[in-house]
Structure formats: C-alpha cells, structure tokens
Amino acid sequence: MSKRILIVDDEPNIVISLEFLMKREGFETEIAADGEAALEALARGRPDLVVLDVMLPKMNGFEVCRQIRSSPDSRDLKILMLTAKGRETEVARGLGLGADAYVTKPFSTKDLVAQIKRLLGSGP
Amino acid sequence: MLQGWMIVLVSFAYLGVLFAIAYYGDKRAEAGRSIIANPFIYALSLAVYCTTWTFYGSVGRAASNGIGFLPIYLGPTLMVALWWYVMRKIIRISKTYRITSIADFIASRYGKSQMLGGLVTVIAVLGVIPYISLQLKAISSSFTILLRYPAIVMPANSVARPFLQDSALYIAMILAAFTLLFGTRHLDATERHEGLVAAIAFESMVKLLAFLAVGAFVTFGVYRGFGHIFTLARATPKLEALLTVPNTGGGYGTWVALTVLSMLSFMSLPRQFQISVVENVDENHLGKAIWLFPLYLLLINVFVLPVALGGLMLFAPGGVDADTFVLTLPMARHAQALALFAFIGGLSAGSGMVIVETIALSTMVCNDLVMPVLLRQKWLRLNERHDVTRLLIAIRRFAICAILMLGYIHFRAAGEAYALVATGLISFAAVAQFAPSILGGMYWKGGSRAGAIAGLSVGFAVWAYTLLLPSFAKSGWLPAAFVTEGPFGVALLKPQELFGLSGADEISHCLFWSLLGNIGTYLAVSLIGRPGVAETSQAALFVDVFHHTQGFERSQIWRGSASVEDLLPLIGRFLGPERARDAFLAYARRRGLAGLEELRADADLVHFAETQLAGAIGSASARVMVASVVQEEPPGLDEVMDILDEASQARAYSRQLEEKSRELEAATAELRAANALLKELDRMKDDFMSTVTHELRTPLTSIRSFSEILLDDPKLNLAERQRFLAIIVKETERLTRLINQMLDLAKIESGNAEWQTAELDVRDVIREAVDATGQLFRDRAVELRLSVPESVPSVLADRDRLMQVLINLLSNAVKFCRPGEGRVEIRLAAAKGFVRVDVQDNGPGISPADHHTIFERFRQVGDTLTGKPEGTGLGLPISRRIVEHFGGRLWVESELGKGATFSFILPLGASSGAGEKLGTRAVQTTS
C-alpha cells in the first residue's frame with residue numbers, strides 16, 4: 001500500500017510541481033491550500049507525511065505543526081516543513097515545534113524526494 | 001617718700017612682668033596652645049588705641065575743652081560697629097595674601113607697587129613720630145613729677161636740660177630695647193607676635209585698672225561721688241561751660257570733624273592695623289570685639305570729667321598742668337601707692353603704644369622702604385646670599401631704634417608748645433590720609449595706582465602745609481608770620497585759613513582740605529587713567545575677596561616657567577632654609593604629594609612661594625624677587641579682564657550649566673526616542689527583507705522545480721511538457737514584474753524617480769488606461785462603465801505615472817470581480833480645486849480593518865474565489881505614492897460584500913506651481 005502525503009501550500013504552481021513529484025515516486029497525494037484546510041484534511045484521514053509550507057493564509061505552518069504535535073493521534077506523523085523564509089531562527093523554530101525536516105525554497109527536487117523517502121523509511 | 005630707685009625698680013619689674021607674659025605667650029604659641037585665641041584678649045589688645053593721650057591727655061583736654069575729649073572715642077565706637085563689613089574684609093584680604101602692614105596692604109592692592117608702599121611708609125613714619133614723641137613726653141614728665149613726691153613741681157622745659165640728664169632719652173632707649181626684645185626676638189620675620197599680643201592685652205588691663213583706681217579715688221575719696229563733683233562744678237561758671245557742646249572749642253563742627261578723624265585713624269593707624277589685622281587669630285573674634293571694645297572705651301572715659309573737674313577745683317589755676325592730673329591728684333592727697341600705680345598705668349599706656357607702633361613701622365620701613373632699595377643694589381649681591389633673614393631682622397631692629405630716636409628728637413624739638421592731645425591729633429590727621437586708598441581699594445575696582453599715589457601725595461602735602469609747618473612755626477623753627485600772614489604775605493595761602501576758610505579749628509581745617517584734595521585727586525586720576533594689568537587683577541582680588549578665595553583660577557592668568565630648585569632657596573634666603581623647607585613640605589602634603597621632589601612648579605606653587613615671601617618682605621618686594629627666578633610672560637590686560645570677568649560671572653555660568661544639563665537631559669530623551677525608532681526601523685527593514693526574499697523565492701521555487709522535472713524526464717508527454725513550460729514562463733514574468741516594481745517603489749521613495757510633468761487632460765489618460773486593460777476585462781467578461789464629463793480642467797502630472805495608477809486600480813478591480821458578473825465603473829469629476837477619479841467594483845469588498853493594510857508593501861488581502869490573489873503586493877503602495885507626489889490623495893471605501901471604491905484626487909491650480917517645481921527638480925536629478 002502506497003504512502004499518502006498531504007501537500008499544504010498556497011502557491012498553485014508549487015502545488016502542481018510537488019504533486020507531480022510525489023506521484024512520480026508512487027505516493028498518493030492530497031492538497032490543502034491553507035492552514036485550516038490542512039487540519040480539516042488531517043481530521044478526515046491520516047496521511048503518512050505532511051509537506052507543510054510556513055507562509056499560509058488563515059493559519060501559518062508553525063501553528064499547524066504545533067497543533068499536529070499536540071494531538072496524541074498524530075504525534076508520530078512525519079512533518080517536512082517547506083518555506084521561502086530561510087532564516088536560521090525560522091529553521092530552529094520549525095524544528096523546535098517538532099518538524100522532522102526543514103527544506104528551504106527553492107529546493108532541489110532530488111533532495112526533497114530523498115528527504116521524504118528517508119522520513120518514510122522506505123521506498124514507495 | 002618715693003625714692004628714684006624705687007620708681008625705676010617698679011618700672012623695670014613691671015616691664016619684666018610684661019616680658020614674662022610675652023615669653024609665656026610665645027612658648028604657648030609654639031606648643032600650639034595659643035593663649036590669645038579668644039575674643040576677650042583680642043578686644044583688650046585693641047585697646048592699644050588708648051595711649052598716654054587717653055591716660056593723661058583726656059583729662060587735660062577735658063580741663064580745657066570739657067566734653068570735647070569725647071569724639072576721639074566716639075569715632076572708634078562708630079567704626080567698630082561697621083567692622084563686620086569693613087574689618088572682616090580687610091582681615092580676609094590680608095590673611096589670603098599674607099599682608100603684614102598697612103603699607104603692604106595699599107601697595108598690594110594697587111598692583112604691588114613698590115613706590116606706593118614706600119610712600120605710605122614715609123607718610124606713616126613722618127605722621128606717627130609726633131605721636132611717639134607724645135608718649136616719651138608723657139612718660140618722661142610723669143617720671144619727673146613723681147620723683148619730686150610729695151612736692152608737686154611741673155617739670156622744667158626739657159629742652160633746657162643737657163642731653164644726658166634728660167630722662168626721656170633713657171626712656172626712649174629702654175623702650176627701644178624692650179621693643180627689640182618683644183618684636184624681633186626671633187630670627188623669624190613672618191610669625192605673628194602672640195606673646196606681644198598677650199602682653200598688650202595685659203597692659204590694657206593695667207592702664208584701665210590704674211585709671212579706674214585714680215578716678216574712683218578722686219570721685220569717691222576726695223569728693224563724695226559724681227553728684228558731688230558735678231554739683232560743685234555747676235557752681236563755677238567757668239567749669240559749667242565745659243559740660244555743653246557749643247562751649248567746648250569749635251562746637252559741633254569740631255565734634256563731627258574729630259569723630260570722622262578718629263574713625264579713619266582707628267582703621268589706618270599702623271599699630272591698629274598690626275593688632276586688629278596682622279595679629280588677628282580668627283575673624284570671628286570681631287563679633288565680640290564689636291561690643292567689648294566700646295565697653296572698654298566707656299570704662300576708661302567714665303572718670304575723665306570728675307578727675308578733670310576735681311583737679312581744676314583742687315589746684316590753683318595755672319599751677320599744675322591738667323595733663324598731669326591723673327598723677328598729681330593722688331600725689332596731692334599723699335596716696336603714695338596710688339600715685340605709683342597711676343605712673344605704672346601711664347607707663348603701660350605709653351609703652352604699649354610705642355612697642356606696637358614701632359614694630360608695625362619697622363616692618364613697613366624694612367619691607368616697603370629699605371628692602372626694595374637694597375634689592376635693587378646689585379653690588380650688595382643680595383641675590384647670592386644664602387640666608388638674609390638676619391639681615392631682615394637687623395634692618396627691623398635698626399628701624400625701631402631710628403624711629404624711637406626720631407620720636408625723641410621731635411620731643412626735644414617740639415618742646416612744650418603742644419598739649420598731648422594736640423600732638424596726637426596731628427598724627428591722626430596724617431594717617432587718616434590712608435583711608436581713601438584703603439576703602440576705595442576695597443570697594444571700588446576702578447581705583448588705580450596712579451590715583452592712589454596722587455591722592456596720598458596731595459593729602460599728605462596739604463597735611464604738612466596746614467598742620468606740620470604751623471607746628472614748626474609754633475616751635476619757633478619757622479617765622480610766626482608764616483602762620484599769621486601767610487607765606488610771602490599772601491593771605492589766601494595762610495596755612496590755617498587756606499583759601500579764606502576760617503572759623504574752623506586747625507584739625508578740622510586740615511581734615512577738610514586734605515581729605516578733599518586726597519579723595520578728589522584719587523577719584524579724578526583713577527577715572528582718567530587706564531589701569532595696568534597687575535592693578536586690574538589685584539583690584540578684583542581685593543574687592544571680590546569673598547568670591548575669589550576658593551575659586552580663583554590663578555593658572556589661567558599665569559604663564560611662565562619656574563623650578564622648585566629656584567624657588568625653594570629663594571624663599572629660604574628670607575625665611576631661613578629650615579622654615580622654607582617646612583613650608584614647602586607642608587604645601588606638598590596639602591596637595592597629597594609625598595615630598596618635595598614631587599612638587600611641580602606651577603602657577604599655584606609660584607603664588608604660594610610669593611605669598612610666603614610677602615609675609616617676610618612685603619608683597620611688592622616679593623613680586624620682584626619671585627619674578628627674578630621665574631620666567632614669566634605677562635598676560636595681556638584683555639586676558640586678565642576676561643578671566644576676572646569669568647570669575648565674577650561664576651554664578652551666571654552655573655545658571656547656564658544648569659540650563660545645559662536640562663538641554664542635555666532633553667537631548668538624551670530625544671536620542672533615546674530616536675534610538676527606539678531606529679531599532680523599530682531596523683526591525684521593519686529586517687521584516688521587509690525577509691518578505692522580499694519570500695516573494696522572490698516563491699516564483700523561483702516553481703521555476704526550479706519544473707526545470708528539474710523537465711530535465712530529469714525527457715520522455716515526459718508533450719501536453720505536460722507544454723503545461724510546465726508555460727508555468728515556468730509565467731513565473732519568470734512574475735519574477736521580472738516583482739523586481740521592476742520593487743525598483744520602481746524604491747526609486748519613488750528615495751526621490752530618484754524621473755517625472756515628466758506636464759499639463760494633462762485626465763480624460764485622455766483614463767481612455768488610454770481603459771484601452772490598455774480592455775483585454776483583461778474581455779477575458780474575464782467584466783463590464784466596464786465610464787462616466788466622464790464633457791470637459792475637466794487639466795492637472796499637472798506625469799502621463800505614464802498616472803496611467804500606471806489607473807491601470808493598477810482597473811486591473812485590481814477586474815481581478816477581484818466574479819467573472820461574468822463583474823461590473824466596474826470609472827467616474828471622473830471636477831470639484832473645487834481638484835479632479836476626482838473613482839474606480840468602483842462589485843467584488844467581495846474589503847473589511848474596514850484592512851483599509852490601511854492594503855496600502856502597505858506585500859500586504860495582499862486574499863479573496864475567497866481563487867485562493868491566493870495574483871500580483872506582487874506592490875501596486876497599491878506605488879499608486880498611492882505617485883498620487884501623493886502630485887499633491888493628491890488615494891484611498892478606499894469598502895465593506896465586505898459590498899464591493900470596493902478606490903478614489904484619488906489631484907489638485908488643479910494649487911498644484912501647478914508645486915508640479916513645476918517638482919518637475920524642475922526631477923530634471924536636475926536626472927541630468
């Protein structure tokens with residue numbers, strides 16, 4: 001059974017590229033365009049990994065991450081944070097909130113895929 | 001029967017007691033336990049004012065002039081009342097600058113003038129010699145009279161006696177010897193004479209008690225109290241006249257003159273200056289002296305009239321000189337012991353005056369007359385002598401002997417022509433000449449050296465002409481016609497009726513003319529001339545002594561170089577090497593230095609050395625000596641004035657300082673606020689950079705992702721390949737647009753934008769903008785309505801920039817409209833002074849909370865239709881800045897769900913000037 005990945009980003013074109021990349025690796029994908037939508041998607045069904053942008057409308061990525069980690073159901077859910085804000089403090093903050101990995105935009109597609117595979121602990 | 005030897009023995013015993021007291025006083029002083037450091041001793045020592053003139057002369061004066069003897073004591077009583085203001089200042093000045101005599105005081109005040117010091121000394125010596133001779137005469141005649149006890153025989157004219165049989169000569173010699181012992185016992189020229197002061201205070205007690213004893217004896221022993229004497233006197237018309245003012249000599253005029261004269265003399269007499277200033281231990285003693293001294297004067301005058309009246313009633317007229325009543329009354333009653341006590345009282349009054357006066361004069365003669373001359377004699381090689389303290393002492397001893405001998409010569413010469421009081425008044429009138437220079441110098445900075453010299457000279461000359469020369473005439477040295485008919489028969493120049501001023505007694509007459517000439521010349525010459533540098537600075541130091549004592553910055557004035565190796569031996573020569581070393585060491589300790597080797601020869605040390613030296617040889621000579629070893633650059637007058645101005649304006653400065661510190665506090669607060677603002681700006685810049693980075697990275701992310709996807713997978717199907725490539729192109733455009741707009745905004749904000757300002761018809765610009773966005777409207781099927789009047793006034797603006805604003809507003813409106821249902825209306829209207837453009841849409845609207853936000857950079861408010869709005873988030877900020885540049889305003893009116901209206905206004909007429917100006921500036925910046 002293939003792994004399921006929730007992509008949370010408000011940039012349509014980035015979503016398209018991420019979706020394409022994940023599908024190419026054989027993952028199932030689901031899309032959320034803002035923080036609230038992301039939490040709703042998580043409530044509907046649990047994915048294996050969340051690719052989470054930080055700058056999101058309605059609720060930012062840090063808050064989403066904090067909420068995921070505060071719920072017992074999703075405490076071991078893998079989170080990969082993705083942001084265009086590459087400052088050290090942001091990275092530290094994201095990891096401090098419990099993100100498993102942190103990738104800055106623009107990213108190398110190979111690196112991103114490798115990171116996701118590593119987090120999921122297996123191939124597709 | 002009183003034997004001669006017994007009188008001599010008692011006299012010597014008395015002098016021996018005096019010496020013992022002085023010796024004990026000195027010992028105590030050396031041990032640091034002063035016996036004179038109390039106000040009672042100080043007040044008693046001041047009574048050195050009361051000499052044989054008082055002891056014998058007052059009764060004599062009262063016998064002829066009745067209560068006319070009183071002004072001599074009223075003057076000092078009045079003067080003492082002013083002491084807290086006058087004498088305290090003199091004492092403070094003298095202590096601060098180590099002034100040791102009245103000559104030194106005046107010389108120092110007027111620029112440390114050697115000439116002035118010399119002049120004052122000469123006047124003082126010449127003026128005081130009659131006064132000394134008076135003491136010799138009184139002691140000598142009292143001795144002679146007592147020797148004949150119990151017979152009462154007036155001494156024959158002493159001039160008739162051979163030289164060596166004249167008791168006055170021996171008395172002068174004995175007094176000289178005692179003065180040498182008292183005043184110059186130590187090889188120490190500067191110390192105060194504590195023992196001497198104690199002895200003088202003791203003498204004051206003795207003469208007071210002696211006089212009171214005689215007075216009580218006459219009043220209560222011979223008669224039955226005051227009432228008895230005065231009742232008897234009233235019965236005799238001649239005696240009754242003595243008890244009212246109009247019948248005593250010159251009347252009220254003389255009273256006023258004598259009171260003023262004694263006021264001035266009490267301040268200017270060398271011995272009074274010595275006792276009240278130089279020997280003063282603590283200026284607070286003045287407080288008690290102010291009432292103690294008048295009390296002493298009152299006591300010593302209580303019995304004057306009873307004794308005088310008693311003598312006049314007891315002795316046959318003309319038989320006994322009234323000046324001797326104090327001695328002869330006890331003798332007439334065979335009160336042997338009392339007569340002896342009276343003699344001792346007279347001796348103490350005379351010796352006290354002679355000792356203190358000659359010491360004071362000898363200091364002046366040495367410091368202000370002899371030393372300046374000697375120091376100028378290069379052949380004496382004084383500068384090379386290791387220790388000249390012995391020389392100083394020798395000069396002083398010689399001066400003491402010389403002054404006493406002069407006094408004796410005057411005694412022999414003047415003979416019996418004058419009564420005691422008359423002789424004393426001549427001296428008073430001479431020293432009173434110092435008063436204008438002293439008082440003027442203390443309270444008036446304008447008094448100059450030339451003025452003081454001129455005033456003193458004129459005053460002294462008038463004194464000599466109106467008082468001294470007539471006294472010579474009376475003594476037979478000058479023809480009597482000189483006085484009675486005037487020199488060469490010129491009546492107008494009659495010495496005692498000068499310029500026709502008659503009707504006054506000789507003292508009042510002299511006082512009037514001499515002080516008039518003295519003060520007038522002093523003021524006139526001071527006002528006309530321009531004072532020198534030294535005078536100006538000394539004037540300020542004296543007048544403002546209470547301000548300068550602590551705060552005066554000497555180093556500001558002084559420029560020069562000196563060395564301790566030069567200064568120490570110099571001071572040592574005059575003070576003795578040991579004392580000089582000790583003084584320097586003490587000075588170094590006060591400054592917190594370990595020893596002499598750490599001393600730096602700066603302005604303060606030079607001043608210290610000069611002050612030390614001034615105590616020994618006077619300020620004028622000290623100045624010359626110090627200048628000989630110190631290379632000094634005299635400061636300019638302006639410089640000195642500036643500095644003194646500064647010093648006296650200390651209060652003004654401190655006020656300014658307070659003001660400055662308040663300003664500083666205000667500035668600190670401003671700086672703190674500015675710093676907070678800068679921090680805030682820094683944080684905002686940080687946020688801005690972070691935002692810009694984010695905005696740039698977002699399109700880059702898509703471009704990179706799709707490029708890599710395309711690169712990795714060459715077999716991607718055509719449709720996807722095209723779709724991805726289209727995204728790449730679109731994101732690239734977005735990136736370009738973003739960068740352009742950021743640069744645009746930066747240019748506008750920094751004022752570097754180019755503006756092509758011209759007269760525009762806004763209708764044309766609107767039409768062009770509508771054309772440019774036509775495709776956009778058609779794509780989205782949004783309806784556009786135009787509502788433009790027939791004509792509007794033109795505005796001054798940049799056509800392209802205005803287009804940019806309109807296109808931005810139109811494309812924003814389209815972007816947020818629901819495709820197919822959207823409706824956008826653009827309206828143009830002219831109002832008073834401006835045109836107004838509205839762009840209204842029927843989109844989702846903007847919550848009032850966001851009305852402000854949307855004009856900030858990168859702050860987009862999303863709509864619910866397409867998720868993230870397109871655009872850079874810079875359009876509105878740029879548009880607002882453009883409109884504001886032309887003097888207009890851009891704003892939004894909207895509510896959620898009710899569409900939005902973006903409006904701007906541009907000024908008409910008022911803007912034309914501003915617009916041109918801005919245009920000109922734009923050209924300049926771009927050229």
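B:Glu893 stands opposite B:Thr901, a residue of strand 9 of chain B. Strand 8 and strand 9 (residues 900-907) of chain B pair in the antiparallel sense over six bridges. Two strands pair if DSSP finds at least two bridges between them. Helices (H or I, at least four residues) and strands (E, at least two) are DSSP runs, numbered from the N terminus.

This is a predicted model, in which local features need pLDDT of at least 70, side-chain atom pairs count only at pLDDT 80 or more, and totals for chains, interfaces and linings use all residues. Residues are numbered from 1 along each chain as its sequence is written, while chains are lettered from A and ligands numbered from 1 in the order in which they are written.

**Two sheets**

Strands of a sheet pair through backbone hydrogen bonds, either parallel or antiparallel. The table sets out one sheet from chain B and one from chain A.

| Sheet | Strand order | Pairing | Edge strands | Average angle between neighbouring strands |
|---|---|---|---|---|
| Chain B, open, five strands | 4-6-7-9-8 | mixed | strand 4 (783-787), strand 8 (889-894) | 15 degrees, direction ignored |
| Chain A, open, five strands | 2-1-3-4-5 | parallel | strand 2 (28-32), strand 5 (101-104) | 20 degrees |

In the chain A sheet, strand 3 (residues 49-53) and strand 4 (residues 78-83) of chain A pair in the parallel sense over five bridges. A:Leu49 stands opposite A:Lys78 in strand 4 of chain A.

**Helices on the sheets**

Axes are lines fitted to C-alpha atoms, for helices over the stretch in contact, and angles run from 0 to 180 degrees between N-to-C directions. Two residues are in contact if their C-beta atoms, placed from the backbone, lie within 7 Å. Helix 36 (residues 875-885) of chain B lies across strand 8 and strand 9 of chain B, at about 130 degrees to strand 8. Helix 1 of chain A lies across strand 1 (4-8), strand 2 and strand 3 of chain A, at about 165 degrees to strand 2.

**Between the chains**

In total, 19 residues of chain A are in contact with 18 residues of chain B. Helix 1 (residues 12-24) of chain A gives the largest share of the chain A side, seven residues.

**B:Asp368**

B:Asp368 is in helix 17 (residues 336-376) of chain B. This residue is buried (20 or more other C-beta atoms within 10 Å), because 32 other C-beta atoms lie within 10 Å. B:Asp368 and B:Ser101 are 267 residues apart in sequence and 9.4 Å apart in space, C-alpha to C-alpha.

Definitions and conventions: Buried ≥ 20, exposed ≤ 12 C-beta atoms within 10 Å, placed from the backbone.
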